[in-house]
Amino acid sequence: MRNNVINTFHSEKELYDTYPKKFHWDLKDIFNDYWDDFLEFSESRNLTIRPVVIKEVNKMMICKTKALGYSVYECPNCHKTMNVYNTCKGRFCNSCGVKYAKQRTTEILTHLIDVPHRHLVFTMPDILWRVFLEDRSLLNCLFHAVSQTLLSWFKDSYKSQNFKPGFILVLHTFGRDDKWNVHMHCLLAEHAIGNNMDKKIEFFPYDMLRKRFRTILLNDLEKKIGPNKFRSLKNKCYKDYENGFYVRAKKNEFPNAKKGVEYILRYCGRPCFAQYRIIDIEDNYITFWYQRHEDDLFVVEKIHIFEFITRLIRHIPESNFKTIRYYGFYSSKGHPLLEFAKRMIEKTKAAFKRAQNRWRELMIHSFHKDPLQCSCGTIMKWCYNVPRLE
C-alpha cells in the first residue's frame, strides 16, 4: 500500500477542472462500507487497533440513526411530525466535531482578555514523531515542554515585577497530508499581568525559545523513556539541530482573536480530514487532494482505502486526554487581576454566545433555516423521546 501522488496544481480551479466533483463522499458511509474489512485485514497482519479507536468509530457509524434514539416533534397546526435523531457526540465524527469546535471556540472567547493574541507554533524534527506514536502518554511531555519554555522565559525576564503570561495550547498530530506530524499551536496574550499592573509583550526571543524548547523537551523525553533507549536519539537532535527546534511566532496574522481561536481549533474534536477533499473512490482506492504547506501546491494523492483509514484513526486521542490546555493567568488557578483584565467581556454577551451553540441555533446559523419550522410556517413542538436501542 504505497502512497502515490498523481498530480499537482497551482490553484483549486485547475484541480477541479481536471477532477470535476461528481459525488459527495461521507466519511461515515466510507467506514460503514470498509470498517469490517479493515478489521479483518488488521487481524490477519497482527496489527493492534486501540480500544478507543473501536469505540469512537462505532459511535460515529451510528450517529443520527435510530440506534441512538430520537426526539419526535409535531406541528400544532397541520400535525405533521418530524424525527430529530440523537448524535454520537464522539471525537471522530465530522458532524459532531463541527459543533464541538464551535462550542470550544465560544467557550475560549468568553475567557480571553480584550488584547491582541500572538499565534505560535512549536515543532520538532520528524525523527521524534514516532516516539509519540508508539507511546501516546509522552504527548504530556510536549505540553510540559512548551508551557515551561514560555513560563520560564517570563520568570527570567520579569522576575521583579512578577509578570505572568496567559496562553492556551492546542495539540495537533497531523499535517496537511493527514500523516502523523506532532506539533503544538499556542495562542498567547500579548499582555502579561503582574503586581497591580499589566505589560504589553512586543519582543519574542526566537533563538532562546527554540533552544530552550529543544532542551526541555529532550530532557523530559529522556526521563520518561530512559537514557539507555533515548540517549542516541537525543544526541542526534542536538547535533543536527544546534540552533534548536523551529518555533514560529510571527506578528498577529488574524484580524481578531476569534479568527485565531477558530484556526487552532479547526480540527479539535473531529477527524483530521475534510470530506470535501475526496475526489473519487474506486476499486478499494481513494483519491483526494490537499494543499501542501511548503509550496502551497494542490496535491492529488491516490492510496489504498485501508491506508486512508489508518491515517485517520491514528489521530483519535486516548479517552479523557485533553488536547486543549490553559496556562498562566488563563489556567484554573488564574491570577488575582484576571477579573480586572476581563473587564471588556460582558456576562450577558458570553451567555448569548453560548446559547448560539444549541442545536437549533447552530442549524439556523449554518443553513439560514429553522429546522423546526414546518412547511406550513408553524414552529413544531416537542412531543416525546424514543430511547436508544440496547
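**Note on the predicted model: helices, cores and two unusual loop residues**

1. The chain contains 13 helices and 14 strands, and the reader should keep in mind from the outset that this is a predicted model. Of its 390 residues, 47% count as buried. The accessible surface of the chain comes to about 21500 Å², and carbon and sulfur atoms account for 50% of that area. When contacts are taken between residues at least 6 apart in sequence, 73% of them join residues that are at least 24 apart.

2. A good place to begin is the largest nonpolar core, which has 43 residues, and in which Phe-122, Leu-128, Phe-132, Leu-142, Phe-213 and Leu-217 touch the most other members. At least two residues of this core come from each of β4 (117–122), α5 (129–134), α6 (139–157), β5 (166–174), β6 (180–189), α7 (206–225) and α8 (227–240). Of these, helix α6 gives the most, with nine residues. Apart from this core lies another one, made up of 36 residues, including Phe-174, Phe-273, Phe-288 and Ile-313.

3. Phe-213 deserves a closer look, as one of the residues that touch the most other members of the largest core. Once its neighbours within four places in sequence are left aside, Phe-213 is in contact with Phe-122, Thr-123, Leu-142, Ala-145, Val-146, Thr-149, Phe-245 and Val-247. Two of the names in that list, Phe-122 and Leu-142, also stand among the residues with the most contacts to other members of the core.

4. The pairing of α6 with α7 can be followed in some detail. The two helices pack at an angle of about 135 degrees, and their axes are 9 Å apart. An angle of that value makes α6 oblique to α7, since it is not over 145 degrees, where roughly antiparallel would begin. The crossing in which α6 passes α7 is right-handed. On the α6 side the contact includes Cys-141, Leu-142, His-144, Ala-145, Val-146, Gln-148 and Thr-149, as well as Trp-153 and Asp-156, while on the α7 side Met-208, Leu-209, Arg-212, Phe-213, Ile-216, Leu-217 and Lys-224 are among the residues that take part.

5. A second helix pair is formed by α4 (residues 94–109) and α9 (residues 257–264), which pack at an angle of about 140 degrees with their axes 10 Å apart. Here too the angle makes α4 oblique to α9, and α4 passes α9 in a right-handed crossing. The contact is made by Thr-105, Ile-108 and Leu-109 from α4, together with Ala-257, Lys-258, Val-261 and Glu-262 from α9.

6. Helix α4 also holds Val-98, which counts as partly exposed because its relative accessibility is 35%. Val-98 and Leu-362 are 264 residues apart in sequence, yet their C-alpha atoms are 10.0 Å apart in space.

7. How is helix α10 placed with respect to the rest of the structure? Eight of the nine residues of α10 (residues 305–313) are buried, so this helix is largely enclosed by what surrounds it in the structure. The buried residues are Ile-305, Phe-306, Glu-307, Phe-308, Ile-309, Arg-311, Leu-312 and Ile-313, and they pack against α2 (27–44), α3 (51–61), β11 (285–291) and β12 (298–304). The last of the residues just named, Ile-313, is also a member of the 36-residue core.

8. Within α10, Ile-305 has a relative accessible area of 0% and is therefore buried. Leaving aside its neighbours within four places in sequence, Ile-305 is in contact with Ile-30, Tyr-34, Asn-284, Tyr-285 and Ile-286. The C-alpha atoms of Ile-305 and Trp-35 are separated by 9.9 Å, although the two residues are 270 apart along the chain.

9. Two loop residues should be checked for their backbone angles. Most residues other than glycine have a negative phi. Lys-64, however, has a positive phi of about 60 degrees although it is not a glycine, and its place is in the loop between α3 and β2 (70–74). With a relative accessibility of 43%, Lys-64 counts as partly exposed.

10. Asp-283 is the other case, with a positive phi near 55 degrees in a residue other than glycine. Asp-283 is found in the loop between β10 (278–282) and β11. Is Asp-283 buried or exposed? At 66% relative accessibility Asp-283 counts as exposed, because the value is over 50%.

Terms used:
Residues numbered from 1 in each chain as written. Predicted model: local features only at pLDDT ≥ 70, side-chain atom pairs only at ≥ 80, totals over all residues. Heavy atoms only, no water. Buried < 20%, exposed > 50% of the residue type's maximum accessible area, 1.4 Å probe, protein only. Helix = DSSP H or I, 4+ residues; strand = E, 2+ residues; numbered from the N terminus. Contact = heavy atoms within 4.5 Å. Core = buried A, V, L, I, M, F, W, Y, C linked by side-chain atoms within 4.5 Å. Areas by Shrake-Rupley, 256 points an atom, 1.4 Å probe, with all protein chains shown as cover. Axes fitted to C-alpha atoms, helices over the stretch in contact; angles between N-to-C directions. Parallel < 35°, antiparallel > 145°, perpendicular 65-115°, else oblique. Left-handed = near helix turned anticlockwise from the far one by under 90°.
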